[in-house]
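Subject: Structure for you to look at

Hello,

Here is the structure I said I would pass on. Please open it next to this email and check each point as you read.

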Amino acid sequence: MDLVIFLPLLIVMGAFMFFASRRQRKAMQATIDLHNSLKVGDRVHTTSGLQGTITGITDDNVDLEIAPGVITTWMKLAVRDRVEADAEDADDADPSTSATELTESNGVIDTDGLKKD
């Protein structure tokens with residue numbers, strides 16, 4: 001009789017544990033696949049938020065160029081994700097209107113950004 005009362009609770013807990021472990025296993029496999037697919041020239045983020053370009057790879061380490069001529073060595077496990085080229089291009093784009101566009105549409109603009117008549 002007591003087993004019948006706890007049976008639904010055990011089934012719910014079992015299902016929760018199954019799906020939680022499945023999600024964790026998928027995330028771990030995605031991380032392994034990322035680390036296996038890294039190559040020289042890739043832009044990556046580390047788990048500490050540093051962004052760099054891979055200049056060398058060994059079994060356990062990657063060499064990242066974090067500034068021109070500055071190369072540091074990191075564990076592969078510290079690489080969180082690859083920076084996609086689209087995201088990098090979007091960061092470089094200036095969302096504000098350029099001075100040339102303002103000049104063409106509104107007349108001459110002085111160095112203070114005010115329109116001259």
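Below are notes on the core, one aromatic pair and one strand with its partners.

This is a predicted model, in which local features need pLDDT of at least 70 and side-chain atom pairs count only at pLDDT 80 or more, while totals for chains, interfaces and linings use all residues. Residues are numbered from 1 along each chain as its sequence is written, and side-chain values use heavy atoms, with hydrogens and water left out.

The largest nonpolar core (buried Ala, Val, Leu, Ile, Met, Phe, Trp, Tyr and Cys residues joined through side-chain atoms within 4.5 Å) has seven residues: Leu34, Leu38, Val44, Ile54, Val62, Leu64 and Val79. Buried means under 20% relative accessible area, exposed over 50%, and partly exposed in between (1.4 Å probe, protein chains only). Leaving out residues up to four places away in sequence, Leu38 touches (heavy atoms within 4.5 Å) Val44, Ile54, Ile57, Val62, Val79 and Arg82.

There is one aromatic pair (ring centres of Phe, Tyr or Trp, the last by its six-membered ring, within 6.5 Å; planes under 30 degrees apart are stacked, over 60 edge-to-face, the rest tilted). The planes of Phe18 and Phe19 lie at 70 degrees, with centres 5.2 Å apart, so this pair is edge-to-face. Phe18 is partly exposed at 46% relative accessibility, and Phe19 is partly exposed at 47%.

Strand β1 (a DSSP E run of at least two residues, numbered from the N terminus) covers residues 43-46. Val44 and Thr46 make up its covered face, Arg43 and His45 its uncovered one. Strands pair if DSSP finds at least two bridges between them. Three bridges join β1 to β2 (residues 51-57), antiparallel, with Arg43 opposite Thr53. Three bridges also join β1 to β5 (residues 79-82), again antiparallel, with Thr46 opposite Val79.

Regards

Terms used
Helices (H or I, at least four residues) and strands (E, at least two) are DSSP runs, numbered from the N terminus.
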